[in-house]
Amino acid sequence: MTEIILNTKQKIMYFAAIFLSGLIINCVMLKHHFAIDSYDFIYNLDHKMFEMSANGRILIKVFVNALAVFGLDVMKFQSSFTFISILIMSFATYVILDTFLFLKPNSTLKERVIVSLSALFIIFNPFGVDLLLFSYMTFFTSIDILLITLCVNLLVKNWSIKNIFISMILVSSALLFYQGWGGLFVPLLLIFKYYQLKEAPIKRLISTTILSTGIYLFACIINLLFIKKIHPLFYDKGTDRTSNKIDILQNVKNILQKQTDIWLLHDRMLPSFFFFIIIILLSCVIFYNIFTKSNKNVLRYSLMFALIFVLLIGLTFSPHLVTSTTWVIQRSIMPISAIPGLLVLFSIFFIKDHTKYSKVQNLVLGISIIFLVVLGKSTINITIDNISTNKIDEQIGRMIISKIEKYERETGQKVSKLSFTKDTYPTWSYPDVIVYGDMNVRAFIIDWAAKSVITHVSGRTFESTIMDEEIFNQKFKDRDWGELLLEEQMVIKGNTAYIALY
């Protein structure tokens with residue numbers, strides 16, 4: 001196939017194609033939607049900003065306050081900010097392609113298409129859907145991943161002391177937005193650097209690996225210093241995740257317990273075993289190529305492959321070891337979900353010398369197209385389920401408000417307080433809706449979320465109060481409804497509505 005160096009117009013066309021693909025995959029996200037935390041962001045913003053600071057995400061708080069100066073709110077203008085976020089993430093995707101074009105300016109059309117697909121899988125990966133659903137985070141975390149890809153691009157184009165220091169600042173900033181993308185920096189950088197150094201001595205590969213990892217670890221230390229030293233200067237407490245005693249052994253157990261869900265089921269965000277099968281197929285393509293090369297390249301390429309993916313797994317899961325509560329959720333381990341994209345990128349760099357290169361390319365391209373179709377379908381289905389959950393939550397909220405208003409008209413007593421309890425076996429999702437981690441969870445299973453939904457649909461504010469023991473024992477104790485029956489699940493007494501969440 002003819003090799004062509006792209007001009008500016010052609011590069012813009014590639015970016016436009018990437019943006020259009022990202023927009024199609026996430027088109028339903030442009031519709032107003034809520035995660036359970038979104039209501040808390042709207043109606044309990046001060047507490048949410050405290051959490052951001054306590055969890056080392058201070059730049060989100062800074063940006064929220066800066067946007068507020070201009071009257072901008074990421075939830076009020078959610079559709080616009082989601083569109084902007086997809087645009088930023090598309091640019092981060094293009095930055096990966098641009099880095100590839102710097103190393104292989106004479107690449108073929110097929111290579112550029114495959115790399116564009118791999119970059120899409122890296123940035124718009126299945127676990128990344130979590131942050132798009134948590135819409136109050138989307139804009140800020142899109143800046144996060146852009147910073148990481150820009151650092152990779154910077155260091156590939158010029159591995160200088162100046163750029164290393166700039167990268168230390170930018171990666172630190174990325175982690176101060178959100179830590180979940182951090183584990184991607186080193187493996188993504190090393191794929192490009194290893195190609196640059198494919199003829200260099202092994203010692204050079206090792207030193208580059210150590211320095212790349214050091215940049216990321218520096219950023220982690222900055223993040224930890226903020227949590228432990230700077231946050232306490234402004235708040236007298238932290239969160240359960242960052243301020244309580246750390247049990248590393250228990251954290252290891254919790255991480256290990258999640259591995260089957262992650263690798264085989266991919267937290268049900270893709271068809272069962274699909275993620276695992278894609279990884280196996282792409283790995284077989286890579287190793288088939290490696291082991292049909294000379295003995296020298298077998299050792300070199302095997303070492304490169306092992307270092308990249310051992311570091312990816314280690315750097316992604318290691319932050320969970322030093323938290324007080326281990327919450328291994330999709331948005332905290334997004335680099336794991338980027339593995340298919342990283343494997344495709346690795347294959348394009350390291351199968352060039354194979355005698356059947358064109359056929360291997362076609363196989364990789366075919367696998368990539370299949371993955372793209374499944375990813376798009378899954379993303380749309382997850383988002384539709386989320387919006388369906390929102391609609392039912394809001395309907396229940398209106399029914400509760402209707403009962404409160406009826407009581408107020410009949411008694412003349414104003415209801416100003418809400419109290420919640422749960423039935424014996426509460427339901428986490430509505431019928432035919434799948435829960436993925438804490439995505440698509442019913443708001444009316446968590447007291448603070450239920451209260452926020454009621455506020456959202458009514459425009460009224462309520463205080464939270466403790467459950468009345470007599471009402472609980474007479475009406476709610478040992479009950480298990482499994483469906484909405486407000487006549488049994490809601491009691492209003494005086495100025496308080498007591499509600500059992502089923």
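Three cavities of 30 Å³ or more are found in this structure, which is a predicted model. Let's take a tour of the space inside, and then step out to the surface.

The largest cavity holds about 80 Å³ of space. Its lining counts 15 residues, and Phe 34, Ala 35, Ile 36, Asn 386 and Val 441 are the ones nearest its centre. Two elements, helix H2 (36-43) and helix H19 (357-411), each give two or more residues to this lining. H19 gives the most, with four residues.

The second largest cavity has about 50 Å³ of space. Among the residues around it are Met 89, Leu 131, Thr 138, Trp 181 and Met 334. Helix H7 (129-133) and helix H8 (135-157) each supply at least two lining residues here, and H8 gives the most, with four.

Next comes an open space: the second largest pocket, with a volume of about 220 Å³. Of its 13 lining residues, Lys 258, Asp 261, Asp 267, Val 328 and Gly 437 lie nearest the centre.

Here is how the three linings divide by residue class:

| Space | Volume | Nonpolar | Polar | Charged |
|---|---|---|---|---|
| Largest cavity | about 80 Å³ | nine residues | four residues | two residues |
| Second largest cavity | about 50 Å³ | six residues | four residues | no residues |
| Second largest pocket | about 220 Å³ | five residues | four residues | four residues |

Finally, the surface. Which residues make the nonpolar patch of about 420 Å²? They are Ile 246, Ile 248, Val 252, Leu 256 and Val 322. Val 322 sits in the loop that runs between helix H16 (295-321) and helix H17 (334-337).

Notes
Residues numbered from 1 in each chain as written. Predicted model: local features only at pLDDT ≥ 70, side-chain atom pairs only at ≥ 80, totals over all residues. Heavy atoms only, no water. Patch = residues over 30% accessible without salt bridge, like charges linked within 9 Å, V, L, I, M, F, W, Y side chains within 5 Å. Areas by Shrake-Rupley, 256 points an atom, 1.4 Å probe, with all protein chains shown as cover. Salt bridge = Lys/Arg side-chain N within 4 Å of Asp/Glu carboxyl O. 1 Å grid on protein atoms, 1.4 Å probe; cavity = no way out; pocket = protein on both sides within 12 Å on 5 of 7 lines; lining within 4 Å. Points joined across faces, edges and corners; volume = space filled by probe spheres on them. Nonpolar A, V, L, I, M, F, W, Y, C, P; charged D, E, K, R; others polar.
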